[in-house]
Every structure is written in structure tokens, then in C-alpha cells.
Amino acid sequence: MTIHDAVAFFRVLADPTRCAILVRLARSDERPTELSNALKQPLETIAAALADLESAGLITSRPSDAGGERYYHLDLERLQQRYAQAGGTIHPALAQAIAGIEEESAPRPKARVLFLCTHNSARSQMAEGLMRAFSHGSIEVFSAGSEPGPVHPLAVETMEAMRIDIRNQRSKHYEEFIGQHFDYVITVCDRARETCPVFPGLKESIHWSIPDPTTVEDETEQRRAFHQAATQLANRIRYLQILIERGQNTQSVRR
């Protein structure tokens with residue numbers, strides 16, 4: 001990255017509206033109207049800021065499976081890479097990951113996470129397996145759906161390729177979890193977001209707009225779609241896991 005590129009990157013972050021959008025999208029995928037209401041900015045201002053961020057390659061968008069406005073998503077991996085590269089143009093050491101030493105603290109109860117999608121057959125099942133594997137049991141994780149069906153064979157196959165075994169996971173209706181406490185409920189399906197039940201006492205409700213790989217008809221393309229969905233989920237879960245294990249919620253980053 002050249003100095004010119006670094007300046008352009010920092011200029012994108014320096015705009016208050018664009019930066020505020022990034023903060024919100026770091027938490028959850030959102031639609032323009034939701035961003036407009038949350039940030040108290042005209043829709044035209046939000047649209048212009050989204051266009052700038054998309055042009056900079058920091059965010060992407062996709063049509064909602066439930067209809068209506070597009071969902072916008074922050075590519076955390078790309079943001080981290082660009083941030084490190086821009087810092088490295090100032091001093092090479094700034095591009096290196098520096099491991100921090102965390103202070104000892106009293107043991108905390110395990111956080112509980114619930115992933116929801118419509119059929120609880122693919123995306124939410126893979127998310128459950130990924131979070132369980134990444135956290136090594138430090139986070140209690142579950143998945144469910146509004147119309148549960150069998151776990152998709154390609155979900156099992158895709159996870160096996162990542163050395164994660166979800167063969168013993170089963171599909172469940174979300175009613176099985178009504179009345180239970182969760183710290184985070186994460187919808188990975190646009191339709192599930194529209195019908196998600198209320199779970200009292202949540203630290204946070206999050207939405208990730210992940211394309212449904214089961215709707216792809218061509219077998220080769222479907223395998224690729226499952227891989228892409230798993231990769232997106234893995235990237236998001238890694239960042240969320242860090243915050244959960246440090247006893248934070250994603251909104252605490254704003255303060």
C-alpha cells in the first residue's frame with residue numbers, strides 16, 4: 001500500500017457518518033432505513049456514505065431473502081487487512097499483530113449463544129459447529145429454526161473439510177428454547193429475522209445476512225455456496241468470540 005492509498009483509507013474512516021455506519025455494521029447487518037433511523041441521518045446521506053464504503057471495498061450488500069431493502073455487511077477481514085497495511089506505511093511494526101496480556105479476573109459464567117435460521121439445516125448448524133469448535137467449550141452454543149428440517153448433508157461435508165464434526169447435531173424448533181436465557185441470539189437468515197421470537201435478558205440480538213446455499217441447484221455451485229457460507233460464518237464468529245470471551249458485547253466498542 002502506498003502513502004496515497006493509506007491517506008485515502010484514513011479519509012474514508014475520518015467521515016463521522018461513514019465511521020458510524022462501520023460501527024453499526026460491525027455489530028449486525030442492517031438495511032439503509034435502519035441505519036438512517038439509528039443514526040438520525042437522512043436516507044440520502046446514508047445512501048451516499050454506503051456508496052463510498054462499498055466503493056472502498058469495505059462493505060458489501062445483497063438483496064434480502066425476505067424482500068425489501070438490501071442488507072449491508074462489513075467485511076471485518078478486509079477492514080483489518082487494510083488497517084494494518086495503512087499503519088504499516090507509517091511504521092512497519094504497526095502492521096504486526098501484538099499479543100496483549102489480559103488481566104486475571106474472576107471466573108465468569110459461560111456465555112450462551114443461539115443461532116437461528118428458518119430450517120436449521122445448514123447455516124445455523126454450521127454456525128453452531130464453528131462457534132463450539134472455536135471456543136473449545138468456553139461458550140455454550142445452540143441452533144434452532146422456525147421450520148426445522150434434517151441437517152443438510154453438505155453442511156456436514158463442509159464442516160468435515162474444516163475438521164469440525166457436526167454429525168451428532170440435530171434440527172430443533174426455536175420453541176424448544178423459549179424461556180431459556182441467552183446472551184446472544186444471532187439470526188443467519190433474513191426470513192428468520194422477521195419472525196425471531198423475543199428472548200428476554202439478551203445482551204444483544206444480531207443479524208447476519210448469509211445467502212442460503214441450499215437454494216443453489218447445480219451440485220458443483222451448491223458445494224461452492226456452502227463453502228462460501230461457512231467461510232463468512234467463520235470470519236464473523238472469530239471476531240464475536242473474542243468479544244464474548246473478554247466479557248464484552250459488540251455495542252461496548254462504541255463507548
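In this predicted model, helix 6 and helix 9 have axes that come within 9 Å and cross at roughly 45°. Angles of 65 to 115 degrees count as roughly perpendicular. Helix 6 and helix 9 are therefore oblique to each other. Their crossing is right-handed.

Helix 6 brings R123, M126, A127, L130, M131, F134 and S135 to the contact. Helix 9 answers with F226, A229, A230, L233, A234, I237, R238, L240, Q241, I244 and E245. Sorted by class, the contact of helix 6 with helix 9 holds 13 nonpolar, two polar and three charged residues.

**The cores**

The largest nonpolar core counts 34 residues. Which of them have the most contacts inside this core? They are F115, W208, L233 and I237. Several elements each supply at least two residues of the core: strand 3 (111–117), helix 6 (123–135), strand 4 (139–145), helix 7 (153–161), strand 5 (184–187) and helix 9 (219–245). Helix 9 gives the largest share, eight residues.

L233 shows how these parts meet. Neighbours within four places in sequence are set aside here. L233 then touches R123, M126, A127 and L130. It is also in contact with V188, W208 and I210. Apart from this core lies another one, of 19 residues. Among its members are A6, V12, L13 and A49.

**Helix 2 and helix 3**

A second helix pair sits earlier in the chain: helix 2 covers residues 16–27 and helix 3 covers residues 32–39. How far apart are the axes of helix 2 and helix 3? The distance is 11 Å, and the packing angle is about 115°. Helix 2 and helix 3 are therefore roughly perpendicular to each other. Helix 2 passes helix 3 in a right-handed crossing.

From helix 2, the residues A20, I21, R24 and L25 take part. They meet L35, A38 and L39 of helix 3. The contact of helix 2 with helix 3 has six nonpolar residues, no polar residue and one charged residue.

**L53 in helix 4**

L53 belongs to helix 4, residues 43–55. Is L53 buried or exposed? Its relative accessibility is 0%, so L53 counts as buried. With neighbours within four places in sequence left out, L53 is in contact with V12, R18, I21, L22, L58 and I59. One of these, L22, is 31 residues away from L53 in sequence. In space, L53 and L22 are 8.6 Å apart, C-alpha to C-alpha.

**Positive phi in two loops**

K40 and N120 can be set side by side. Phi of K40 is positive although K40 is a residue other than glycine. N120 is not a glycine either, and its phi is positive too.

| Residue | Phi | Loop | Relative accessibility |
|---|---|---|---|
| K40 | near 55° | between helix 3 and helix 4 | 72%, exposed |
| N120 | about 50° | between strand 3 and helix 6 | 0%, buried |

What puts K40 and N120 in opposite classes? Buried means under 20% relative accessible area and exposed means over 50%. K40, at 72%, therefore counts as exposed. N120, at 0%, therefore counts as buried. The loop of K40 runs between helix 3 and helix 4. The loop of N120 lies between strand 3 and helix 6.

Notes: Residues numbered from 1 in each chain as written. Predicted model: local features only at pLDDT ≥ 70, side-chain atom pairs only at ≥ 80, totals over all residues. Heavy atoms only, no water. Core = buried A, V, L, I, M, F, W, Y, C linked by side-chain atoms within 4.5 Å. Buried < 20%, exposed > 50% of the residue type's maximum accessible area, 1.4 Å probe, protein only. Helix = DSSP H or I, 4+ residues; strand = E, 2+ residues; numbered from the N terminus. Contact = heavy atoms within 4.5 Å. Axes fitted to C-alpha atoms, helices over the stretch in contact; angles between N-to-C directions. Parallel < 35°, antiparallel > 145°, perpendicular 65-115°, else oblique. Left-handed = near helix turned anticlockwise from the far one by under 90°. Nonpolar A, V, L, I, M, F, W, Y, C, P; charged D, E, K, R; others polar.
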